[in-house]
Amino acid sequence: MIKVITYGTFDLFHEGHDNLLRRAKELGDYLIVGVTAERFDRERGKLNVHNSLMQRIEDVKNSGFADEIIVEEYEGQKIEDILKHNVNIFAIGSDWVSKFDYLNEYCKVVYLERTKGVSSTQLRNEKQQIIELGIIGTGRIANRFIPESKYVSGVTVKGVYNPNEKSAKDFCDKYELDFYSSDFEEFASQVDAVYIASPHLSHADYIRKCLERKLHVLCEKPMVLSKNQAIELYNFAMEQNLVLIEALKTAYSSGFIHLISLVKSGVIGEIRDVDATFTKTKEGNIREFDPNQAGGSMTELASYVLLPIIKIFGTEYKNVQFFPFIKNEVDVFTRGIVEYKNGTGSFKVGLRVNAEGDLIISGTKGYAYVPAPWWKTEYFELRFKDSNFNKKYFYKFDGDGLRYELNEFVRNITLNLNHSDDYLFKKRESIAIIEIIDKFLNSIKK
């Protein structure tokens, strides 16, 4: 018996998939089809999968060509599957020519011609409305956002707004956007949704203006610097049936999501402490050191370190203490402690200090250790008194990670989700983090 194996996402099953499976089946007597798992797709940067794993498996089954269907869950599984199932031929589409030549050591590799004129990407674009996105701001984060947006389907960046017309034009020309504007009304009339990448103090006003014009909003962290403003804007978005999301990339990455899920499942016992650190070494006359632009370690980095604390312990903390080092009216380093009934969250943030940027979650049975940079969660360990029970987990954090927050933004718009319980990063969690930053800013004014 000649066994053939092939792999794919098989999303929005179409003629091309049917032809590929038919050709693969014709190569032998028994066809094994590997369908990619959702987590594996996310780990390898494939964020635009439309159908669920079960639906995709059902579609492959209904084609009638697969004798056996397996799930591909991790990098390197292909070799193991070939050996395990005594496979004779590995077949894959011709758009992967030479990519899998290394498998010739284990079986014959055949590249099958793809069906021209049809693809899952094309069908996704036809199936869902393309969200036309505008960017407010032309600084460092906006420049990183454009390349990241290419990895998310269902959205296209159309134009840019900046009160400084030259900055807007230069940005537009650099990324070949459709338009630029220094007139907010003109800008807002040409887009469906907005990504706000402007300085901190401008966020609240821009969010309000966008929501008033029925535009969905993805806003860089910290979304605002006042708890009351955050509540007001989130409520306003809900009233308008609009999506408002804070762009905190870590919250939407697969590694961090799985870490929090494992920890909250009780695998390391009851959590007693979460200790998170995020520091940088910055110099020069930059916005981060300007008190008039809300500069400082807390406004720049606290959203990250407070995220695991709030995710694990919740939003109902008893007290919070700050131990800042202030220079020229800006905190260049701050240590903080968030007190809860059954545990504590401690954090360190700094713009002019070096520290190990790790995350340690301590429980009654063991602890989770995430090495630097933990906010790009690619690897973590669960450690126990008996090291035989230790486990290591590996993930992929692609690019700058902005694609994860944009993907969540598009998903919520497409599914018409604007309620806090539907968000990976819930509104109440965002508000709690903003409240702590708010309290810190008020404390250093005294």
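Visitor: What joins S18 to S19, and through how many residues?
Guide: In this model, which is predicted, a hairpin leads from S18 to S19 through 6 residues.

Visitor: What makes strands S18 and S19 a pair, and do they run parallel or antiparallel?
Guide: Two strands pair if at least two bridges are found between them, and strand S18 (residues 379-384) is joined to strand S19 (residues 391-394) by 4 bridges, so the requirement for a pair is met. The two strands run antiparallel, and Tyr379 has Phe394 of S19 standing opposite.

Visitor: How do you know that S1 and S2 are paired, and in which direction do they run?
Guide: The cut-off is again at least two bridges; 6 bridges join strand S1 (residues 3-8) to strand S2 (residues 30-36), and therefore these strands count as a pair. They run parallel, and within S2 the bridge partner of Gly8 is Val35.

Visitor: Why are S3 and S5 called the edges of their sheet?
Guide: The sheet is an open one of 5 strands, ordered S3-S2-S1-S4-S5 and paired in parallel. Strand S3 (68-72) and strand S5 (108-112) each have a single partner strand, so that one side of each is left without a neighbour in the sheet, and this places them at the edges. From one strand to the next, the twist averages 25°.

Visitor: Which helices lie across strands S1, S2 and S3?
Guide: Helix H3 (residues 53-63) lies across S2 and S3 and runs at about 160° to S2, while helix H4 (residues 77-84) lies across S1, S3 and strand S4 (89-93) and runs at about 160° to S1.

Visitor: What makes the phi of Asn86 worth noting, and is Asn86 buried or exposed?
Guide: Phi of Asn86 is near 55°, which is a positive value in a residue other than glycine. Asn86 lies in the loop between H4 and S4; its relative accessible area is 56%, and because exposed means over 50%, Asn86 is called exposed. Lys214, in the loop between H9 and S10, also has a positive phi, near 60°.

Visitor: Why is His200 called buried or exposed, whichever applies?
Guide: The relative accessible area of His200 is 8%, and because buried means under 20%, His200 is called buried. This residue sits in the loop between strand S9 (193-196) and helix H9 (203-212), and, leaving aside residues up to four places away in sequence, the residues that His200 touches include Lys221, Pro222, Arg287 and Glu300. His200 and Glu220, 20 residues apart in sequence, are 8.3 Å apart in space from C-alpha to C-alpha.

Visitor: Is the peptide bond between Lys221 and Pro222 cis or trans?
Guide: The bond that joins Lys221 and Pro222 is cis, with omega about -20°, and Pro222 is placed in the loop between strand S10 (216-220) and helix H10 (227-239). Another cis bond runs from Ala372 to Pro373, with omega near -10°, and Pro373 is in the loop between strand S17 (366-370) and S18.

Visitor: Which residues lie nearest the centre of the second largest pocket, and what is its volume?
Guide: The second largest pocket has a volume of about 710 Å³, and of the 30 residues that line this pocket, Ile141, Arg144, Lys221, Arg287 and Glu300 lie nearest the centre. By class, the lining holds 10 nonpolar, 7 polar and 13 charged residues, with at least two residues supplied by each of helix H6 (140-149), helix H12 (297-313) and helix H13 (402-414).

Conventions
Residues are numbered from 1 along each chain as its sequence is written. This is a predicted model: local features need pLDDT of at least 70, side-chain atom pairs count only at pLDDT 80 or more; totals for chains, interfaces and linings use all residues. Side-chain values use heavy atoms; hydrogens and water are left out. On a 1 Å grid over the protein atoms alone, a cavity is a set of points where a 1.4 Å probe fits but cannot get out, and a pocket is an open set with protein on both sides within 12 Å along at least five of seven lines; lining residues have an atom within 4 Å of a point. Grid points are joined across faces, edges and corners, and a volume is the space filled by probe spheres set on the points. Ala, Val, Leu, Ile, Met, Phe, Trp, Tyr, Cys and Pro count as nonpolar, Asp, Glu, Lys and Arg as charged, and the others, Gly among them, as polar. Axes are lines fitted to C-alpha atoms, for helices over the stretch in contact, and angles run from 0 to 180 degrees between N-to-C directions. Contact means heavy atoms within 4.5 Å. Buried means under 20% relative accessible area, exposed over 50%, partly exposed in between (1.4 Å probe, protein chains only).
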